[in-house]
Amino acid sequence: MGEAGTRIGVYLGSPIEDPTERKFLARLRREFELTQTPVVVLANFHVGSRRRQIDFVVVTADHAVVVELKGYRLPVQGKPNGPWFSTQADGSLRQLGSRSPYDQTVNNRFAVTDALATFLADGADARPATSGM
């Protein structure tokens, strides 16, 4: 699993093309190699009936985290329930699309947990993702 001598398993749904996501994965590898923490990373895959694209799910023996990355180059502001804006170089605000990054992250997390719940309800033989590393 993973590179020789490491306890890191990385599984890609599709190749990672986004530079921010590639940098994040490289940093994850470095950090977990340093600490010798067994980890499974699922990256760039789709889940659920709406085919939500998931950037990363990072799983250790104690935690699982759904990660949604954004590579904004300018400061961003917003609240959970409302529009989000980037501050332009001239100080003006520009709205970021119709969905807030917060909303996208919450919906993606639920898509992952719902898919896992369905998988387990179907009687799947699930074992801890970090077992045997």
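**Group meeting: a walk through our predicted protein**

Okay, let's start from the outside: the protein exposes about 8,900 Å², and carbon and sulfur atoms supply 53% of that. Those areas come from the Shrake-Rupley method with a 1.4 Å probe, and for residues only the protein chains shown count as cover.

A quick word on the source. This is a predicted model, where local features need pLDDT of at least 70 and side-chain atom pairs count only at pLDDT 80 or more, while totals for chains, interfaces and linings use all residues. Residues are numbered from 1 along each chain as its sequence is written, and side-chain values use heavy atoms, with hydrogens and water left out.

So how much is buried? Of the 133 residues, 27% are buried, meaning under 20% relative accessible area (1.4 Å probe, protein chains only).

Now the parts list: two helices and seven strands. Both are DSSP runs numbered from the N terminus: helices are H or I with at least four residues, strands are E with at least two. Along the sequence they go β-α-β-β-β-β-β-β-α.

Let's zoom in on one open sheet: three strands, ordered β5-β6-β7, with antiparallel pairing. Two strands pair if DSSP finds at least two bridges between them. Which strands stand at the edges? β5 (76-78) and β7 (93-95) do, each with a single partner strand, so one side of each has no neighbour in the sheet. β6, residues 84-87, is joined to β7 by three bridges, and S86 stands opposite R94 in β7.

Last one: contacts, meaning heavy atoms within 4.5 Å. Among those with a separation of 6 or more, 45% are between residues 24 or more positions apart.

Conventions:
Buried means under 20% relative accessible area, exposed over 50%, partly exposed in between (1.4 Å probe, protein chains only).
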